[in-house]
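Here are a few exercises to work through at your own pace. Have a look at the structure first, then try each task before you read its solution.

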Amino acid sequence: MERIPIHFLWFFLFLTGQLFAQNNLSGYVRDADTGEVLIGATVAVTEFKTGTTTNTYGYFSLGIPALGDSVSLVFSYVGYQPLAVRVRISTSLEPLKINLLPENSQLEEVVIKAHADNENVERTNMSIINLSVSQIKAIPVIAGERDVLKAVQFLPGVSAGSEGTTGFYVRGGNIDQNLVLLDEAVVYNPNHLFGLVSTFNVNALNSVTLIKGGFPAQYGGRLSSVLDVTMREGNKKKFSGEGGIGIISSNLTLEGPIQKDKSSFIMSARRSYLDLFLLPLNKGSNKTDYKLYDLNIKINYELGKKDHLFASIFKGNDKAQYTGANALNYGIGFGNSTGTLRWNHLLGTKVFVNTSLIYNQYHLGLNTTQGQYYALLYTQIQDYTAKSLLEWYPNNHHAVKIGIQYSQHALAPAAVSAKIPKKGSRLQIKPDSIPRSYADESAFFFNDEIRLGARFGASVGVRVPVFSSKSKTYTALEPRLTVKYSVNPSTSVKAAYTVMNQFLHLVPSSTASLPTDIWIQSSSVVKPQTSQQVALGLFHNFGDNQYEASVEGYYKNMKNQVLFKEGTQLLLASDLEKQLTFGAGNSYGVELFVRKNTGKLTGWVSYTWSKTTQTFQELNLGKPFPFTYDRRHNLSVVGIYELSKKWNLSADFVFNTGAAYTLATGRVPVFNDGTLYDGIYYDFTARNNYRLGNYHRLDVSATRHQTKTWWKHKVETEWVFGVYNLYSHRNPYFVYLSTDPATRQPLAKQVSLLPIIPSVSWHFKF
Amino acid sequence: MFSFPIKYWLAVIVALTAFAACTKDVNISPQAYEGKLSIQSLITPGKVPTAYVYRTIPFFDPNVLPSDLFVRNAVVTLSSDEGTEVLRPDSILNPVLCYYEYFYVGKIPIKADKTYKLTVAYQGVNLSATAITDRRIVQLDSVTYVPQFKDLYGEHEGIVLHFKDQIGKGDYYRFAMGRTFGPKDTILGVGKVISQCALGKTTWLQEIGRTIYTDQNGDGTAFTITIEPTYKHKQGQIGYVRLQSLDQATYVFYDQYDRQKLAQFNPFVEPVFIKPGQFGTRAIGVFGAYVVSDSIRFVYPE
């Protein structure tokens, strides 16, 4: 019993010894023009061929062997000019303030360039992809709405639902298995407009990182991915703004210093105006309406050299109504709200502490009618979270992260599906009267990123989540391990093993064409979802690091997956847990990714081959069946070309194997003495036995940049001309069965949503 | 001069592009389907046995009428410790759907407290199942009427059955009502189609409730179940209401049919697979036993 603390003491002494054997340099890396922190900037020590990267707050800490009185450092970051500095080493070093100049600030041509480094090869972690905001802005999307999630859907291992469905699917996981974070706050539904546009306003964003495997221990609570989105802090140097006017919405971002170089703010808002355009059409009972808005506000304040406060809030809402087509008739309202208060504190040069208080709320209310039936759904989650993360950089061989997190969840799910009454009123859901269920989720985590010589690296961690609901407490142990071997400076091999647990579950409906999904929590009946994932990857850069390429293979098994039982008819009084059935999932695949980061032509090609199956004892006669979004082939090509200093061209092409759906293969006649059972029944022989047609489309856009002087101020403007689904491929949304009234034969009908959609938008920046 | 404000043009364009759901018929390649038999036979003491034996068909097969699908060349036998009887094909007109239904029928009335074995021999395969006629009759205490009640199907009128469950779990109940439709009545059948077969004739119709009620949560207690009548009626029309007491095999089989029918129509319900039952994987079917209560005369008050 006493061995553990003794071993821990030895470990501590070892690290402490290392701590005293070296000097440390620390500091922040920022944009020279705006003071915005640069996340993931590379810091290299030229003498010792070692280095590190900045964290989410632009902070770095680096151990320097005590061999001299000064050292040469090179700082670099995508789209910025590298900066070489020589720093004197002293025992009382204050944090360095490094400011990098954007590459286009002194160049005549506006070229998206990256520093030619090999970070993807060198870093220990795998299955991580960073997307720059400049790339996201350049990708053509629907109706000129620049979008994060659409860009994420082009990455390997990620597939989209069909148009009109929300979310993205990573390595065979359902949409609820993605942990989407905005400034550390969970965003449960990161979509507007049924997934056509995300809730993230790109003008307010600093960085976007997708993690699909080899999860560091500070992340937990979801099985399949982490999408970590960080908001910008706002311009610390001068007041500025940017905005855009598109056919769906307009947005405006204002930012500036509150106290120059010490505090700043950023405020970004977006609102759609479809509802205003559609007003003339909405007379009588048939109404079509859509309204979305989102608002981001962030304020930061440097309390001193070692303390920094951040406060950010986000609120997004959607409200839609469509009345007309029998197959698609709905009213929906949903929204996310988050608030984050963070405090960064430096303990010397080696320890960085971030403490956060977070609030988030998500709600979705849906009423929809199809044929003679209607469904109502309401789901709400409200979380209060407190967490603290300590980052300790004892020397160049270790980067330790230790943390603790606590969340209180309150969930309110309710759903009804019934036949439209011939007379009388329909059933109603009153959100305030839905019983809340409460749960506590806490976690302790430890992660050490270890560098062993020039070739070997490892990230070793463990996370211990504890989840308590009214009926049950679950404790788990989640080991996290990633190892890296550098074959040469441009090639490395990595492998990862992770265990994840998930205590909140979205129960998906496989039949309805609208997001009739409902969030529930783990309990004595609903066990936590768990997954084990192994991944192996080869990473190689070529062309002087202009190109980065990777091949990753993965295998993931998922337990305690949850679906509705066959024939579940949701009623207000239903005990939801009794309507659920539980099973397992398996996913494996290979992902290829080649990205060109520099030059006039940038972009990437991504291809994924994968297979995902699920097995439920009570479904499909107990046999395995394909996951609904099991897409065997997934190809994305993204290209951005700088035609001239005024014109950019970009295009993307996507091809996915069609999603799986269920159709009966036989019919069973029942003629039984004229009773009400008489009729034709369906003989289902397999679940998800059919595939929708392949999904593919090509989007293109052209952007014209101009610099003008308005009211004695320099203003950069952009006209963006785009075409979504250039060749107007009628991609399948869903297939439903109908009966020919004359022949009484079943007919299959396919509904498609989005044909070719041209767009134009105008953007400005001052 | 006709003018159309730009705002309206924008509205039309936005509506057409953003909400332009397009529907088209698609061809779906049929998947290989191994046909089965569809067998239903419910026996009750005092009545001659019947067995409905049809064949299942691939999903897009054009044959849907009973005459197309009835299995005429099966050998259907019913045996007990008192002997074996071979059932013969017969037919009856369904006055609502306006076609003949075909079945196998015997001559020897079923007896109580016997074990019966139904065997269907077809194309070299024998499919068999057993049922025990040991159900006990549960009599109705009363039948009443409510002009409005709410259930899955909305708000509508209802016929209310009052009875007391017998002690011991495993009882399953179903509503049955027989009515005579006079020559002047118009029968609205399923889908509200006026049946030409019944017009101008006196027709006897039996309604069987689709929902089967179990005593799992109310063993030995008083039951009140409310049924939405299927066919239109007039004030003063008379029906004869009975309560069927079913065995478990019958409940399991028809419950999945009931849930599947709901899922067929309701797009928010997961599809229900019909699972292999008493006859194994080569047939979808049931062989069950039931008893019927005495009838209670019910007069529609409105």
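**Exercise 1.** Which residue in β16(B) is the bridge partner of B:Ala176?

*Solution.* Keep in mind that this is a predicted model. Start by finding β12(B), which covers residues 172-181 of chain B. Next, go to strand β16, residues 238-246 of chain B. There, B:Ala176 is partnered by B:Arg242. Finally, check the pair of strands as a whole: they run antiparallel and are joined by eight bridges.

**Exercise 2.** Find out how β12(B) pairs with β13(B) and with β14(B).

*Solution.* Take β13(B) first, at residues 203-208: six bridges link this strand to β12(B), in the antiparallel sense. In this pairing, B:Met177 sits opposite B:Glu207. Now move on to β14(B), residues 213-214. This strand is also antiparallel to β12(B), with two bridges between them. Here you can spot B:Tyr172 facing B:Thr214.

**Exercise 3.** Why is β12(B) described as largely enclosed by the rest of the structure?

*Solution.* You need one cut-off: a residue counts as buried if 20 or more other C-beta atoms lie within 10 Å of its own. Apply that along the strand, and seven of the 10 residues turn out to be buried, so β12(B) is largely enclosed.

**Exercise 4.** Now zoom out and describe chain B as a whole.

*Solution.* Begin with the elements: chain B has three helices and 18 strands. Then turn to burial, where 35% of its 302 residues count as buried. Last, look at contacts in chain B between residues at least 6 apart in sequence: 68% of them join residues at least 24 apart.

Conventions. Residues numbered from 1 in each chain as written. Chains lettered and ligands numbered in written order. Predicted model: local features only at pLDDT ≥ 70, side-chain atom pairs only at ≥ 80, totals over all residues. Buried ≥ 20, exposed ≤ 12 C-beta atoms within 10 Å, placed from the backbone. Helix = DSSP H or I, 4+ residues; strand = E, 2+ residues; numbered from the N terminus. Pairing = 2+ DSSP bridges. Contact = placed C-beta atoms within 7 Å.
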